[in-house]
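Reader: I would like to go through some of the labels used for this structure and see what each one rests on. Please set the values against the cut-offs.

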Amino acid sequence: MKIFNTLSRRKEEFIPLEPGKVRMYVCGPTVYNLIHIGNARPMIVFDTVRRYMEHKGYEVNYVSNFTDVDDKIIKQAIAEGVDSTVISERYIAECKKDMEALNVKPATTHPLATQEICGMLDMIGTLIEKEHAYVAADGTVYYRTRSFKEYGKLSHKNIDDLRGGNRALLVSGEDQKEDPLDFVLWKPKKEGEPYWDSDYCKGRPGWHIECSVMSKKYLGDEIDIHAGGEDLIFPHHENEIAQSEAANGREFAKYWMHNAFLNIDNRKMSKSLGNFFTVRDISEKYDLQVLRFFMLSAHYRSPLNFSADLMESAKNGLDRIITAAENLKFLLQTAQGEELAADEAKLFEEAQMYVTQFDAAMDDDFNTADAIAAIFDLVKWSNTNVNAESSKALTEAVFAEMKELADICGLIIDKQAEMLDADIEKLIADRQQARKDKNFARADEIRDELLNKGIVLEDTREGVKWKRA
Ligand code: AMP
Ligand code: ZN
């Protein structure tokens with residue numbers, strides 16, 4: 001499996017730090033509003049990377065944060081006259097709903113910046129001790145950028161060509177910095193802002209430190225993959241490397257993956273430019289599976305322009321796959337023969353070639369555009385080669401293959417069989433209510449209904465837990 005590594009600007013063979021395991025960190029959204037479809041691109045792309053790695057047999061530890069303390073959240077809280085946690089909690093919940101509708105798996109851990117302040121202060125302390133950071137007169141802590149000799153290695157920038165003036169440098173007190181390139185690790189609170197006590201001042205963390213700390217805590221000093229949108233290469237990821245490698249004395253991440261932008265009218269879709277659609281807007285017109293399919297129809301490192309026409313063709317493309325899968329299911333209602341018929345072994349070999357084609361595309365830096373082309377080829381093949389005369393064994397095998405490839409892309413082609421998390425939780429709540437009402441027959445009926453769909457319930461002291469069997 002080859003991955004394009006931003007660090008080397010080359011495709012490299014993927015060799016995990018620990019055999020069979022992948023430790024992966026994806027920078028998540030700042031939660032002050034509903035996510036827009038640009039934010040959904042890294043979610044969908046890296047969820048697909050994760051699914052493919054799991055399909056290959058890797059155990060993936062996938063961490064993705066929510067930035068829940070930030071100027072934009074505070075601004076929104078002030079505008080609504082509420083505490084900033086009201087804003088962040090609201091939009092984390094909304095973001096999780098969108099992720100579910102996009103069939104993005106929940107991360108192994110979704111850490112929150114506000115819950116990790118202790119770890120951030122620890123790392124800041126280490127950086128000061130190692131003289132990679134210093135405290136200014138007002139209690140702001142700055143990272144001494146020039147002290148990290150490899151600064152610029154990810155973005156391929158020469159430190160002497162850099163000027164101050166990026167998002168992190170503008171935060172406060174340019175004049176108290178030793179060097180305009182230094183960036184903020186900790187900054188004093190302003191009136192009405194959330195803050196934490198520290199040895200330096202009552203204040204809050206800079207943005208970059210949170211990812212260094214959460215990645216270390218949940219995945220260890222060294223990880224396999226760190227990912228996000230390409231706007232994060234500089235300064236965010238460059239600064240994360242400077243912090244983590246200076247503090248831990250180890251290489252931070254082996255492979256750096258960045259998705260290109262989702263554009264609209266050939267300009268980046270962003271909240272600040274005001275040219276965006278939220279995922280929720282799109283869900284009013286389309287099943288969000290169509291949006292997922294649209295995102296995967298391009299390679300993740302190619303810019304993708306959003307348009308109504310492309311969404312329509314994504315819808316048609318996805319419908320073609322779903323129709324082929326439904327045809328196979330229809331044939332299965334009457335198909336006979338538990339074994340492949342004599343002339344079918346060769347046919348099935350043909351069908352399996354599309355799996356090889358799919359894997360080859362995914363092994364080549366997750367080329368989902370070509371992988372989807374392989375699914376289309378399988379669909380075409382299935383439409384011409386599987387019919388009412390085919391054995392049940394062949395029909396089933398082709399259906400299973402189509403479903404497996406779609407699953408890797410996170411595309412649901414067998415809707416009736418899939419129960420969404422929200423439906424499961426609704427049934428669990430109904431069961432709890434039935435038990436309260438002493439309607440045990442109904443409670444058992446719900447348990448059986450879930451079991452039939454492969455959902456196993458477990459009553460624990462903390463409440464009902466469920467898993468897919
Ligand atoms: P933010 O909330 O702005 O920090 O963004 C969260 C994630 O979405 C980051 O990985 C960004 O790089 C990514 N992102 C934001 N806008 C776009 C876009 N138009 N296209 C692709 N990725 C984006
Ligand atoms: Zn980050």
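Author: This is a predicted model. Of the 18 residues around ligand 1, those that come nearest are Thr 30, Gly 229, Asp 231, Leu 262 and Met 269.

Reader: What makes the pair formed by Asp 231 and ligand 1 a polar contact?

Author: A polar contact needs a pair of N or O atoms within 3.5 Å. An oxygen atom of ligand 1 is 2.4 Å from an N or O atom in the Asp 231 side chain, so the pair meets the cut-off of 3.5 Å.

Reader: Which atoms of Asn 259 and Leu 262 are paired with a nitrogen atom of ligand 1?

Author: For Asn 259 it is a polar side-chain atom, 3.4 Å from a nitrogen atom of the ligand. For Leu 262 it is a backbone N or O atom, at 2.7 Å from a nitrogen atom of ligand 1. The protein buries 92% of the 490 Å² that ligand 1 exposes when taken alone.

Reader: Why is Ser 88 called buried?

Author: The label requires a relative accessible area under 20%. Ser 88 has 3%, and therefore counts as buried. This residue lies in helix α3, residues 84–101, and touches Val 31, Asp 68 and Ile 73, leaving aside residues up to four places away in sequence. Its side chain also reaches the backbone oxygen of Thr 85 at 3.4 Å.

Reader: How do you know that the span of α14 is close to the expected one?

Author: Helix α14, residues 440–452, has 13 residues. The expectation is 1.5 Å times one less than the number of residues, which gives 18 Å here, and the distance from first C-alpha to last is 18 Å.

Reader: What puts the buried residues of α14 on the same side?

Author: The buried residues in α14 include Ala 443, Ile 446 and Leu 450. They cover an arc of only 60° around the axis, so they lie on the same side of the helix. In general, an α-helix has 3.6 residues a turn, so residues three or four places apart point the same way. The buried residues of α14 pack against α13 (421–436) and β14 (455–460). On the other side of α14, Ala 441 and Asn 452 are exposed.

Reader: Which residues does Ile 15 touch, not counting residues up to four places away in sequence?

Author: Ile 15 touches Asp 224, Lys 254 and Tyr 255. Ile 15 is in the loop between β2 (10–13) and β3 (21–26).

Methods: Residues numbered from 1 in each chain as written. Chains lettered and ligands numbered in written order. Predicted model: local features only at pLDDT ≥ 70, side-chain atom pairs only at ≥ 80, totals over all residues. Heavy atoms only, no water. Helix = DSSP H or I, 4+ residues; strand = E, 2+ residues; numbered from the N terminus. Buried < 20%, exposed > 50% of the residue type's maximum accessible area, 1.4 Å probe, protein only. Arc of directions from axis to C-beta. Contact = heavy atoms within 4.5 Å. Near = heavy atom within 4 Å. Polar contact = N/O pair within 3.5 Å; in protein donor to acceptor, adjacent residues only side chain to side chain. Areas by Shrake-Rupley, 256 points an atom, 1.4 Å probe, with all protein chains shown as cover.
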